[in-house]
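Work through the exercises below with the sequence and the 3D structure at hand. Try each task before reading its solution.

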Amino acid sequence: MMNSEKVMGLERRKNEARGENRKEKQYAKGKLSAWERINLLFDEGTFIETNMLLEHRCNYFGMGENKKEGDGVIAGYGRINGRITCAYAQDFTVFGGSISEMNAKKISNIQNKALQMKVPIVGLFDSGGARVQEGIQSLSGHGDIFFNNVKASGKIPQISAIMGTCAGGASYSPALTDFILMVDGTSNMFITGPKVVEQAIGEIVSMDELGGTEVHSVVSGMSDIVAKSDRECIAYIKRLLDYLPSHFQDSVLRKERFTYSEEKLKKIRDILPESNRRVFDVRQLMECLVDDGSLLEVKERFARNMVTAFARIDGKAVGIVANQSLEKAGCIDIDAADKAARFIRICDSFNVPLLNMVDVPGFYPGKNQEQRGIIRHGAKMLYAYGEAKVPKVTVIIRKGYGGAYLAMCSKELGADMVYAWPEAEMAVMGSKAAVEVLYKGVTSEEKEEKIREYEEQFLNPYEASHMGYVDEIVTPEETRKQIIKVLNNMEFDVKEKAFHGNIPL
């Protein structure tokens, strides 16, 4: 008969590794425990834990007498929405979730297993950074994790959720992954904490001011999705995974069951204002084109003049890039270019077709943008579209002016099909600006006549269609049907697809 004391000892060690006796510390901060997060993430009863009872081996600063089972990280694999996925979760109640040589090895092991199995990996971050007591051993562990992030980049989806503090060098791992989620009120991410900032440069700043959700969702653009709670954050992770394949030579499964409300076809025509000088919310158009409830916006709060989102059309996953006239008239500035280029490369990495919705008057003008390098940043979009091998459908809604029109995936940049609405306008610039360039010495009456001539010539989709730059002019009501046709007839062999990494932009 098995020794009951030994069985009880094993249970005690397991409970310690899973932080069952330390949950109240997390609850006091409005957070779930690492083990609760793992259980929420995985389908019930499917999680297989790896290196459960691993411990650190540091003997400096009294650490030899201060060890915890598991060393502050839970790692393993199981099923999320029925699909094999790897994950790890940091436990802030163990040495502040700090990264040690050994728990870094645990994370590296599960990263390598994800690559070996060709499955996504999710990291749940809640760490104060490197374990100071270990010095270079901790830094070496960080280096291994970063290297594995780069090895996996573009090969398997990598998702990071900041569910507490993510400080110091540890914040570079999320930055190397495909998506970052944060939790409002409890998440922070920064390289240098408030105390060190004060000591180094005398600046007094709070954790939220340095790297809270507002900073990273609005200003820096690091955060893709902001959740209201741990539970909502994990729900978003599951939803995000639904738009991604297991690896770069796999396809996203089509949803066989979906709904599309036919009244949206009637609504779509009335969204555009009569005047092209008036703004409208492009997300309303997107909602009318996609399956009901399928739209998932990415970086919603950052660079609002560009909308990037996943959705499904006729059950098939797509990535949507759209100009938003509500912000900066839909012009592309530095942040919008970075946001779009990053999203395009993610979609291309993981075989998600791209739908581009164009209403762009140009790149955002001004000394600030030029001096900060709008040329270089705008070129990222050109490069991303030019490199992308996934099916690309472009719909010109209203304006398509200048280099920004090309940057939104014109036929020359690799669009497989280009559709235009009857309201579409394609030209180097708007009519007034063009006449100012072409007819400098004419009277105001003559200018008005020349403006009308220019508008008749270029501010419609027919000139571009006659020359082959537009494949077909369609009504708003026809657009969804045409997109579905293209998606159904543009199947491509993902196993033959070339691999490219997903460098942070």
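The exercises that follow concern a predicted model.

**Exercise 1. The nonpolar cores**

Task: State how many residues the largest nonpolar core has, and find which helix gives the most to this core.

Solution.
Step 1. The largest nonpolar core has 69 residues.
Step 2. The residues with the most contacts inside this core are Phe310, Ile332 and Met381. Helix H13, residues 334-349, gives the most to the core, with eight residues.
Step 3. Take Met381 as an example. Leaving out residues up to four places away in sequence, Met381 touches Met306, Ile332, Ala337, Ala340, Ala341, Ala407 and Met408.
Step 4. A second core, separate from the largest one, has 30 residues, among them Val290, Val393, Val474 and Val486.
Step 5. As a general background, nonpolar side chains in soluble globular proteins tend to be buried together.

**Exercise 2. Buried or exposed?**

Task: Decide whether Leu139 counts as buried or exposed, and do the same for Thr213.

Solution.
Step 1. Recall the cut-offs: buried means under 20% relative accessible area, and exposed means over 50%.
Step 2. Leu139 lies in helix H5, residues 136-152. Its relative accessibility is 53%, so Leu139 counts as exposed.
Step 3. Thr213 is in helix H9, residues 213-219. Its relative accessibility is 7%, so Thr213 counts as buried.
Step 4. List the contacts of Thr213, without its neighbours within four places in sequence: Met182, Val183, Asp184, Gly185, Ser187, Val218 and Val226.

**Exercise 3. The cavities**

Task: Find which strand gives the most to the lining of the largest cavity, and which helix gives the most to the lining of the second largest cavity.

Solution.
Step 1. There are four cavities of 30 Å³ or more. The largest cavity has a volume of about 60 Å³, and the second largest has a volume of about 50 Å³.
Step 2. Strands S4 (121-127) and S5 (158-167) each supply at least two residues of the lining of the largest cavity. Strand S4 gives the most, with four residues.
Step 3. The lining of the largest cavity divides into five nonpolar, six polar and no charged residues.
Step 4. For the second largest cavity, strand S3 (83-90) and helix H5 each supply at least two lining residues. Helix H5 gives the most, with three residues.
Step 5. The lining of the second largest cavity divides into seven nonpolar, three polar and no charged residues.
Step 6. Now read the two lists of lining residues. Tyr88 and Phe125 are among the residues that line the largest cavity, and Tyr88 and Phe125 are also among those that line the second largest cavity.

**Exercise 4. The salt bridges**

Task: Explain why the salt bridge between Asp126 and Arg37 ties together separate parts of the sequence.

Solution.
Step 1. The whole structure has 19 salt bridges. In the one between Asp126 and Arg37, the closest N and O atoms are 3.2 Å apart.
Step 2. Asp126 lies in strand S4 and Arg37 in helix H3 (residues 34-41), so the pair ties together parts that are 89 residues apart in sequence.
Step 3. Asp126 counts as buried, at 0% relative accessibility. Arg37 counts as buried, at 0% relative accessibility.
Step 4. Compare another pair: Lys380 and Asp338 meet in a salt bridge at 3.2 Å, N to O. Lys380 lies in helix H15 (residues 374-387) and Asp338 in helix H13, so this pair ties together parts that are 42 residues apart in sequence.
Step 5. Asp338 is buried, with a relative accessible area of 13%.
Step 6. Salt bridges that share partners join Lys31, Arg37, Asp126 and Asp230 into one network.

Definitions and conventions:
Residues numbered from 1 in each chain as written. Predicted model: local features only at pLDDT ≥ 70, side-chain atom pairs only at ≥ 80, totals over all residues. Heavy atoms only, no water. Core = buried A, V, L, I, M, F, W, Y, C linked by side-chain atoms within 4.5 Å. Buried < 20%, exposed > 50% of the residue type's maximum accessible area, 1.4 Å probe, protein only. Contact = heavy atoms within 4.5 Å. 1 Å grid on protein atoms, 1.4 Å probe; cavity = no way out; pocket = protein on both sides within 12 Å on 5 of 7 lines; lining within 4 Å. Points joined across faces, edges and corners; volume = space filled by probe spheres on them. Nonpolar A, V, L, I, M, F, W, Y, C, P; charged D, E, K, R; others polar. Salt bridge = Lys/Arg side-chain N within 4 Å of Asp/Glu carboxyl O.
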